[in-house]
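Here's an informal walk through one model, written for someone who likes to know what sits next to what. Have the structure open while you read.

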Amino acid sequence: MDYPGNLFVVAAPSGAGKSSLVKALQELDSGVHPSVSHTTRAPRGQEKHGREYFFVSPQEFDQMIAHDAFVEWAHVHGQRYGTSKKAIEERIAGGNDVILEIDWQGALQIRRTFANAVLIFILPPSWEELRSRLQRRGEDSPEVIELRLQNAAEEMAQAKEFDFVIINELFERALFDLKAIVHAQRLKFSSQRRARASTFQALGL
Ligand SMILES: Nc1nc2c(ncn2[C@@H]2O[C@H](COP(=O)(O)OP(=O)(O)O)[C@@H](O)[C@H]2O)c(=O)[nH]1
Ligand SMILES: Nc1ncnc2c1ncn2[C@@H]1O[C@H](COP(=O)(O)OP(=O)(O)O)[C@@H](O)[C@H]1O
């Protein structure tokens, strides 16, 4: 499917810093709209329904699947997470840019539906740093942290399937890289559209 707005997909193992980077990007660039996913997991700390996620019961999630309401969904860390069609289609059809923070399985599903989506993978600089970020964040129990670290190896093995890989060592550097990717994609598409339009005009089409 081809839409006038750009679709950016950011994936990373838990604790690599994707939420912090996407939030910082939005503060700098109000033209990138976040998509709010649905999840069956419980809210953490300060999370609010409708802001970080729509927190739903397994039954509500099943109903959404039955009604074909998701563009993609996946099992992650023992829970289900999904992007609703409502969360993105109207926005990109209206020419707005949307950014998704989802896992690698969802990212590859998105690419199958939206061939122009830009897939970005965030890596931590080391295993030690990944563990210590999860611990410093202080939102998950030791068991949940262990599960997330166990899953991280399989997730990181998918990085090579993505269009871009950013190493989040120095936060400002990683944010700069993310901004550069967003900016480059906008230039590419707006200049292509302009070129196409003027060629069409010149050819009298
Ligand atoms: N496929 C898919 N994955 C999602 C979606 N929303 C969030 N995720 C992923 O689910 C995983 C767990 O997210 P979360 O529980 O918020 O933990 P975090 O990664 O530590 O922030 C992360 O890899 C998210 O990117 C979604 O709509 N679809
Ligand atoms: N470059 C960085 N250096 C040090 N700490 C970071 C960096 N990026 C993020 N963090 C911290 O690491 C923790 C995990 O980041 P978060 O954005 O929640 O990760 P994710 O969304 O990928 O699970 C947070 O406490 C965040 O403040």
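## Around R131

With 17 C-beta neighbours inside 10 Å, R131 lands in the partly exposed class, because buried would take 20 or more and exposed 12 or fewer. Keep in mind that this is a predicted model. R131 belongs to helix α5, and its C-alpha atom is 7.1 Å from that of L149, although the two residues are 18 apart along the chain.

Helix α5 (127-137) also matters for ligand 2: α5 and α1 (18-28) each contribute at least two residues to the shell around that ligand. In total 13 residues surround ligand 2, and the closest are G17, S19, S20, R133 and F171. Sorted by class, that shell holds 3 nonpolar, 6 polar and 4 charged residues.

## The sheet

Now for the strands. Four of them make an open sheet in the order β4-β3-β6-β5, and the pairing is mixed. The edges are β4 (53-55) and β5 (70-76), each of which pairs on one side only. From one strand to the next, the twist averages 25°.

As a reminder, strands in a sheet pair through backbone hydrogen bonds, and they can do so parallel or antiparallel. Here is how that plays out, pair by pair:

| Strand pair | Direction | Bridges |
|---|---|---|
| β3 and β4 | parallel | 3 |
| β3 and β6 | antiparallel | 2 |
| β5 and β6 | antiparallel | 6 |

A few residue pairs help to fix the register. Between β3 and β4, S37 has Y53 as its bridge partner. Between β3 and β6, T39 stands opposite Y81. On the β5 side of β6, E72 stands opposite T83, while H75 is the bridge partner of R80. Strands β5 and β6 form a hairpin with 2 residues between them, and H77 in the turn has a positive phi of about 45°.

What about Y53, buried or exposed? Y53 is found in β4, and it counts as partly exposed because it has 18 C-beta neighbours inside 10 Å, where burial would need 20 or more. Leaving out residues up to four places away in sequence, Y53 touches V36, S37, H38, T39 and E47. The C-alpha atoms of Y53 and T39 are 6.6 Å apart, with their positions 14 residues apart along the chain counted as the separation.

## Helices on the sheet

Two helices are worth a look here. Helix α3 (residues 85-93) packs on the sheet, where it touches β5 and β6 (79-84), and its direction makes about 25° with that of β6. Helix α4 (residues 104-113) lies across β5 and β6 as well, running at about 160° to β5.

Which residues of α4 are buried? They are W104, G106, A107 and I110. Looking down the axis of α4, these buried residues fall within an arc of 155°, so they line one face of the helix. Their cover includes β1 (7-11), β5, β6, β7 (97-101), β8 (118-123) and α6 (142-156).

## Ligand 1

The sheet and α4 come up again around ligand 1. Its shell has 18 residues, of which S14, S37, Y81, I102 and G106 come nearest. Some of these names are familiar by now: S37 is the bridge partner of Y53, Y81 stands opposite T39, and G106 is one of the buried residues of α4.

Which elements supply at least two residues each to this shell? β5, β6 and α4 each do. The largest share, 4 residues, comes from β5, which is also one of the edge strands of the sheet. By class, the shell around ligand 1 divides into 6 nonpolar, 8 polar and 4 charged residues.

Notes: Residues numbered from 1 in each chain as written. Chains lettered and ligands numbered in written order. Predicted model: local features only at pLDDT ≥ 70, side-chain atom pairs only at ≥ 80, totals over all residues. Pairing = 2+ DSSP bridges. Axes fitted to C-alpha atoms, helices over the stretch in contact; angles between N-to-C directions. Contact = placed C-beta atoms within 7 Å. Near = placed C-beta within 6 Å. Nonpolar A, V, L, I, M, F, W, Y, C, P; charged D, E, K, R; others polar. Arc of directions from axis to C-beta.
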